[in-house]
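Got your viewer open? Let's take a walk around this structure, one selection at a time.

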Amino acid sequence: MSTQQSQGVAVVRDGSSERVFDWLDAVAERRERAGLTRRLRPRAADSTDLDLAGNDYLGLARHPEVVEAAAEAARRWGGGATGSRLVTGSTQLHAELEAELAEFCGFEAALVFSSGYAANLAALTALGGREALIVSDAGNHASLIDGCRLSRAEIAVVPHAEPAAFRKALDGRDGRRALAVSDAVFSVDGDLAPLGALAEVCRAAGAALVVDEAHGLGVLGDGGRGATAAAGLAGAPDVVATVTLSKALGSQGGAVLGPARVIAHLVNAARTFVFDTGLAPAAAGAALAALRLLRREPARPARARAVARHLHRGLTAAGLPAARPDAAVVAVRAPSPAAAVRWAADCRTAGLAVGCFRPPSVPDGVSRLRLTARADLTDAELARALTVIVAAAPTG
Ligand SMILES: Cc1ncc(COP(=O)(O)O)c(C=O)c1O
């Protein structure tokens with residue numbers, strides 16, 4: 001045993017400090033035995049793998065205009081935002097992006113965050129609170145689940161995509177303020193939420209509706225305006241949407257869209273806005289360029305959806321259990337986590353990157369390959385992708 005003096009604090013070294021994290025070894029071993037260990041695999045800049053794993057639905061992340069806009073924004077504004085949006089982190093670029101996003105999606109106002117995750121935490125924590133009830137779909141994304149947890153509201157998790165279950169949970173409340181929250185397109189199976197029916201239920205119950213458009217923006221609705229716009233709900237006084245800039249817009253960041261008074265409240269009350277450094281100018285510039293491209297090329301969303309349908313047809317024709325896509329996500333079930341990992345690894349060996357979803361990322365415990373359709377995939381690339389996935393599929 002030795003005692004070291006470090007800045008006036010006596011640190012006893014008797015070997016016990018080395019054992020503090022020993023419990024992690026047992027956790028890692030259990031995870032490994034269950035086939036659930038996750039490992040980082042750095043992507044090479046010059047990789048020639050076909051990518052059906054990322055969320056670059058419109059193929060804009062490497063579009064020359066998007067990349068140049070990021071570079072120009074960094075040259076003009078610097079490598080980072082330098083502070084919270086409320087201190088030094090708000091630039092004209094952020095304001096322009098917010099105005100154009102709100103206008104494009106049909107909402108009164110928008111507020112940009114450093115990620116879609118942060119945007120979801122903001123919406124639910126600032127609109128929740130101890131006196132509120134939040135009714136949340138069981139298939140919602142982790143960021144919405146965490147937003148519910150952090151909101152301090154009472155939470156009712158209801159069965160997936162069942163408006164009647166939302167109604168029951170809302171009707172049971174005793175005059176408290178309430179919100180219902182749902183992904184627009186669910187990130188695991190790619191199915192569309194029944195937004196029209198949910199809005200009706202919310203209206204009858206005097207509740208707000210919060211919709212996460214992470215997988216809807218740029219893919220669904222007229223010109224990619226999202227599922228909320230397609231359902232005629234954009235701009236409604238009781239509807240809030242959240243988006244990510246990191247999927248169809250090929251950048252990074254997130255936003256909340258809604259009535260101006262909701263956005264003003266978030267500026268003051270959302271901790272992931274107040275206590276977070278603003279979105280990096282390069283990301284804001286890239287997202288703005290992507291949004292302008294989307295306006296100029298409105299056929300991209302329809303192509304992404306057609307690619308998804310083509311993948312689904314090819315997989316089911318080969319007898320694989322693929323879920324019918326409502327947007328650009330195609331999920332195929334695997335018999336076990338280990339089989340899913342092997343399937344994805346075999347695809348990768350053949351030059352195809354696919355997503356591999358396993359517990360705890362899947363709400364029902366069923367592992368899946370997750371394929372993302374991209375508007376810029378050629379017919380030849382699609383044929384190659386299908387050949388590889390089918391050849392690598394688990395047998396029996
Ligand atoms: C449904 C959904 N919401 C929110 C997010 C978080 O967005 P971001 O990656 O911008 O933090 C994701 C991203 O994976 C998502 O799939």
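Start by selecting Thr 372. Apart from residues up to four places away in sequence, Thr 372 touches Leu 52, Ala 53, Gly 54, Asn 55, Tyr 57, Ala 328, Val 329 and Gly 355. Keep in mind as you click around that this is a predicted model.

Is Thr 372 buried or exposed? Thr 372 has 27 C-beta neighbours inside 10 Å, so it counts as buried; the cut-off for that label is 20 or more. Colour strand S13, residues 368–372, and you'll find Thr 372 in it. Now add Asp 51 to your selection. Thr 372 and Asp 51 are 321 residues apart along the chain, yet their C-alpha atoms are separated by just 8.3 Å.

**Step back to the whole chain**

Zoom out and switch on the cartoon view. You should see 14 helices and 13 strands. The radius of gyration is 22 Å, close to the 21 Å that the globule rule gives for 396 residues, so the chain is as compact as a globular protein of that length. If you draw a box along the principal axes, the C-alpha atoms fill roughly 70 × 55 × 55 Å. Buried residues account for 50% of the 396 in the chain. And that link between far-apart stretches at Thr 372 has company: take the contacts between residues at least 6 apart in sequence, and 72% of them join residues at least 24 apart.

**Two helices that cross**

Next, select helix H2 (residues 64–77) together with helix H11 (residues 281–296). Their axes come within 7 Å and cross at roughly 145°, and the crossing is right-handed. Show side chains where the two meet. On the H2 side, look for residues including Ala 69, Ala 73 and Trp 77; on the H11 side, Gly 285, Leu 288 and Leu 293 are among those making the contact. Colour the contact by class and you get 14 nonpolar, one polar and two charged residues.

**Around the ligand**

Now head for the ligand. Which residues come nearest to it? Of the 14 around the ligand, they are Ser 115, Gly 116, His 141, Ala 214 and Thr 244. Highlight helix H4 (residues 116–127) too, since you'll want to see what gives the most to this shell: H4 does, with three residues. The class colours look like this here: two nonpolar, 10 polar and two charged residues.

**Three backbone oddities**

Before the last stops, a bit of background: most residues other than glycine have a negative phi, and most peptide bonds are trans.

Select Arg 152, in the loop between helix H5 (142–151) and strand S6 (154–158). Arg 152 isn't a glycine, but its phi is positive, at about 65°. With 14 C-beta neighbours inside 10 Å, Arg 152 counts as partly exposed.

Follow the chain through S6 to the loop that leads to helix H6 (163–171), and pick out Ala 161 there. Ala 161 also has a positive phi, about 55°, without being a glycine. How many C-beta neighbours does Ala 161 have inside 10 Å? There are 20, so Ala 161 counts as buried.

For the final stop, go to the loop between strand S12 (352–357) and S13, where Pro 360 is found. Select Pro 359 as well: a cis peptide bond joins Pro 359 and Pro 360, with omega about 10°. From there, S13 takes you back to Thr 372, where the tour began.

Definitions and conventions:
Residues numbered from 1 in each chain as written. Predicted model: local features only at pLDDT ≥ 70, side-chain atom pairs only at ≥ 80, totals over all residues. Helix = DSSP H or I, 4+ residues; strand = E, 2+ residues; numbered from the N terminus. Rg over C-alpha atoms; globule rule 2.2 N^0.38 Å. Buried ≥ 20, exposed ≤ 12 C-beta atoms within 10 Å, placed from the backbone. Contact = placed C-beta atoms within 7 Å. Axes fitted to C-alpha atoms, helices over the stretch in contact; angles between N-to-C directions. Left-handed = near helix turned anticlockwise from the far one by under 90°. Nonpolar A, V, L, I, M, F, W, Y, C, P; charged D, E, K, R; others polar. Near = placed C-beta within 6 Å.
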